[in-house]
Amino acid sequence: MLGCFSLSGRQRVCRGEVTAYLSLVFILLMAFIGGIMESASIQLAKNYRRADTNRALECVFAEYQKELLEEYDIFALEGSYETGEYTKKNVTDRLDYYDAGRVKHEVEQIQFLTDNGCSDYFNQIKAYMEHKYGLDAVKDMLGMTDMWGQQQERAEDYAVEEEAWQKHMDGLLEESESELPQENNPIAYAAKLKKSPILTLVMPKEKAVSEKVVENENMLISRQRNQGYGMFTEAAANEKISSLLYGDYLLEHFSKFTDKDCLGVLDYELEYILAGKESDRENLEYVVRRLLLLRFVPNYAYIQTDSEMKAEAQTAAMALCTILAVPAITEAAEAGILLAWAYGEAIMDVRALLKGSKVPLAKSKESWQLQLSKLFILGTEEDQNEGRDDEHGLGYSDYLRMLLFLAKKDITALRSLGVIEQNMRKIHGQTYFRADYCISRIEISSVCDLRRGIQYKFRTCYNYN
């Protein structure tokens, strides 16, 4: 009997130990499950707060400037909210409105359209043009961009060469104590043309120059601009493709000399973007002079290869220098006549472009327009020739595309945004509009209370790109 009782007691002790062990395991398991549920609950609360903030931020950026998108295909949040004064509180107040004040927000980084060389402006343009036309639209022109750059370099070299020739010619005449006759002198007549008001030489007969003027101190590029802060990473892009897409965007959205019915603050907006002058007249003069220089390059290059034209220039030089009888002066005069002739041909080319005709990039005997004898008629009442139209050539827009590609992008971007700004004020009556108040990208830090004193801090980014 005692043995049985002893055995039964040991069994009861073992069973008690098992019960205690299982109880501890159960408690640990419940604590573990409770911890997981608490963690999941907190994470779920975090996700809700993040979702609330994302939704609030999307609602804020959904208040983009409608006319800016409709007219120029650019997304931006007008940061002054039609007050003409930007503060970051404008943005945080709207965030509080959309998330009912459950989360406290602070702007950590912000970028406007005009920041970092107008990088977000460029990125939006590139994305828009790629989506609309695809990259194939500009890939065909990639091979020409090197030629455009070389042509500009050669134009600068020719300008130096012409200056050197003039000094050489003046030195020869001074040594011989003589001067060239003024009558029937292509060199003297070309010099006279260069001193004349350039637009009187190239303007189409039936068209008048716009007299619209802006005040430069009120333009975006000239005044002090509002700036964002923070560093946003930028994706690398093909510079040439981006520049070509950017040029096509400007040609599509801004007016130029050959357009009609321009309603903006300036009629020649593209010319302003290139020149940055106060008046349409000054901007057109700048572009015309650039075109004359660009057209002079292929003209002078061709005339030096045409034996008949060189022989005609030599004959004219000999006739001009017969009295002087100095061979070196005759040779210098021949070179000067070729320079003058190429310049006269460039005037004819620009006339054709401003009229809406096309001009070939490189000249040939068939496409050459000006006879040497007709050089003396340029700028007179007898001058009725407005230039030839070559169906295989390039038009005014094509040459503007070339100039835009060669221009500094950060400068032209600020000028184009300045035109947008002025047109938004004039056409749409939005006197408060400023491009440097247009928000394109933002990063905010947020803090919220979850429960039992637990705080959650997180960051959220948003951009239109």
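Asn-423 is found in helix α15, which spans residues 409-428 of this predicted model. Asn-423 counts as buried because its relative accessibility is 2%, under the 20% limit. Beyond residues up to four places away in sequence, Asn-423 touches Tyr-72, Gly-264, Val-265, Glu-269 and His-428. The points below turn to Tyr-464, the nonpolar cores, helix α7 and a pocket.

**Tyr-464**
- Tyr-464 is located in the segment that follows strand β4 (455-463).
- With a relative accessible area of 14%, Tyr-464 is buried.
- Setting aside residues up to four places away in sequence, the contacts of Tyr-464 are Phe-61, Tyr-64, Phe-75, Ala-76, Leu-77, Gln-124, Ile-439 and Ser-440.
- To one of these residues, Phe-61, there is also a polar contact: the side chain of Tyr-464 reaches the backbone oxygen of Phe-61 at 2.5 Å.
- Glu-366 is separated from Tyr-464 by 98 residues in sequence and, C-alpha to C-alpha, by 52 Å in space.

**Nonpolar cores**
- The largest nonpolar core comprises 106 residues, and Tyr-121, Tyr-249 and Phe-254 have the most contacts inside it.
- Helix α13 (residues 327-355) supplies the largest share of this core, with 17 residues.
- Apart from the largest core lies another one of 16 residues, including Leu-57, Val-60, Val-91 and Phe-112.
- When neighbours within four places in sequence are left aside, Tyr-121 is in contact with Ile-74, Leu-113, Tyr-246, Tyr-249, Leu-250, Phe-254, Ala-413, Ser-416, Leu-417 and Ile-420.

**Helix α7**
- Asn-185 caps the N-terminal end of α7, where a side-chain oxygen of Asn-185 lies 2.9 Å from the backbone nitrogen of Ile-187.
- The buried residues in α7 are Pro-186, Ile-187, Ala-188, Tyr-189, Ala-190 and Leu-193.
- Among the elements that cover these buried residues are α6, α8 (198-202) and α13.

**Second largest pocket**
- The volume of the second largest pocket is about 310 Å³.
- This pocket is lined by 18 residues, of which Trp-165, Gln-166, Ile-187, Ala-188 and Ala-191 are the closest to its centre.
- Two or more lining residues come from each of α6 (142-175), α7 (186-195) and α13.
- By residue type, the lining of the second largest pocket consists of 10 nonpolar, four polar and four charged residues.
- Ile-187 and Ala-188, which are among the residues closest to the centre of this pocket, are also among the buried residues of α7.

Notes: Residues are numbered from 1 along each chain as its sequence is written. This is a predicted model: local features need pLDDT of at least 70, side-chain atom pairs count only at pLDDT 80 or more; totals for chains, interfaces and linings use all residues. Side-chain values use heavy atoms; hydrogens and water are left out. A nonpolar core is a set of buried Ala, Val, Leu, Ile, Met, Phe, Trp, Tyr and Cys residues joined through side-chain atoms within 4.5 Å. Buried means under 20% relative accessible area, exposed over 50%, partly exposed in between (1.4 Å probe, protein chains only). Helices (H or I, at least four residues) and strands (E, at least two) are DSSP runs, numbered from the N terminus. Contact means heavy atoms within 4.5 Å. On a 1 Å grid over the protein atoms alone, a cavity is a set of points where a 1.4 Å probe fits but cannot get out, and a pocket is an open set with protein on both sides within 12 Å along at least five of seven lines; lining residues have an atom within 4 Å of a point. Grid points are joined across faces, edges and corners, and a volume is the space filled by probe spheres set on the points. Ala, Val, Leu, Ile, Met, Phe, Trp, Tyr, Cys and Pro count as nonpolar, Asp, Glu, Lys and Arg as charged, and the others, Gly among them, as polar. A polar contact is a pair of N or O atoms within 3.5 Å; within protein, one must be able to donate a hydrogen and the other to accept it, and residues adjacent in sequence count only if both atoms are side-chain atoms.
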